[in-house]
Amino acid sequence: MDDGLRVTDRLVVPAAELRERFSRSSGPGGQGVNTTDSRVELSFDVAGSPSLPEPLRARALDRLAGRLVDGVLTIAASEHRAQLANREAARERMAALLREAVAPPPPPRRPTRPSRGAKERRLADKKRQAQRKRDRRVDGD
């Protein structure tokens with residue numbers, strides 16, 4: 001657990017920049033839940049991190065704006081009974097969230113137009129449908 005958090009192939013957050021807090025977890029576990037600190041809160045200061053390059057930091061701050069409190073991203077994990085499993089789960093979720101936040105934006109969509117053949121097929125289908133409806137009408141003669 002002392003190694004850094006691998007976000008992408010080139011981006012690794014050093015372990016010194018991650019903060020872990022432990023507390024009692026709710027949920028299943030019987031009497032053990034009352035005595036063991038198995039819940040994990042993993043925090044990472046996105047705004048003040050020297051390991052994030054400036055363009056990636058700006059992108060992450062923009063995309064994670066709703067989840068940050070004073071520039072700090074916090075993940076809580078309490079789904080497992082064991083503290084070690086919760087630590088792993090929190091690290092995986094943090095890495096996935098950061099990976100998504102620093103990913104480059106998708107290429108812009110290039111607008112396209114329907115081809116002439118597609119327009120003609122659409123109009124022919126409309127004419128065919130209109131003729132079908134006309135044929136079903138009952139005339140008052």
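Which side chain meets that of E41 in a salt bridge? I looked this up in the model, which is a predicted one. The partner is R39, with an N to O distance of 2.8 Å.

**Entry 1: E41 and R39**

I checked how much of each residue is accessible. E41 has a relative accessible area of 18%, and it counts as buried because the cut-off is under 20%. R39 comes out at 24%, so I list R39 as partly exposed. I then asked what else belongs to this group. R21 joins R39 and E41 in a network of salt bridges. For the whole structure I noted six salt bridges. As a general remark, side chains of opposite charge can pair when their charged atoms come close.

**Entry 2: E79 and R93**

I turned to E79 next. Its side chain meets that of R93 in a salt bridge, at 3.1 Å from N to O. The pair links distant parts of the chain, with the two positions 14 residues apart in numbering. I placed E79 in the loop between β5 (72–77) and α2 (83–102), and R93 in helix α2 itself. Are these residues buried or exposed? I found E79 partly exposed, with a relative accessible area of 47%. R93 is also partly exposed, at 35% relative accessibility.

**Entry 3: R128 and D125**

I looked up a pair within a helix. R128 and D125 meet through their side chains in a salt bridge of 2.5 Å, N to O. Both residues lie in helix α3, which I have as residues 116–136. They are three residues apart, about one turn of the helix. I noted 47% relative accessibility for R128, which counts as partly exposed. For D125 I noted 43%, again partly exposed.

**Entry 4: N86**

I went back to helix α2 for N86, which lies in it. How accessible is N86? Its relative accessible area is 0%, so I entered N86 as buried. I then asked which backbone oxygen the side chain of N86 reaches. The side chain reaches the backbone oxygen of S38, at 2.7 Å.

I also listed the contacts of N86, leaving aside its neighbours within four places in sequence. They are S38, R39, V40, A77, S78, E79 and H80. Two of these names were already in my notes: R39 from the salt bridge with E41, and E79 from the salt bridge with R93. N86 is thus recorded in contact with a member of each of those pairs, R39 and E79.

Technical notes: Residues are numbered from 1 along each chain as its sequence is written. This is a predicted model: local features need pLDDT of at least 70, side-chain atom pairs count only at pLDDT 80 or more; totals for chains, interfaces and linings use all residues. Side-chain values use heavy atoms; hydrogens and water are left out. A salt bridge is a side-chain nitrogen of Lys or Arg within 4 Å of a carboxyl oxygen of Asp or Glu. Buried means under 20% relative accessible area, exposed over 50%, partly exposed in between (1.4 Å probe, protein chains only). Helices (H or I, at least four residues) and strands (E, at least two) are DSSP runs, numbered from the N terminus. A polar contact is a pair of N or O atoms within 3.5 Å; within protein, one must be able to donate a hydrogen and the other to accept it, and residues adjacent in sequence count only if both atoms are side-chain atoms. Contact means heavy atoms within 4.5 Å.
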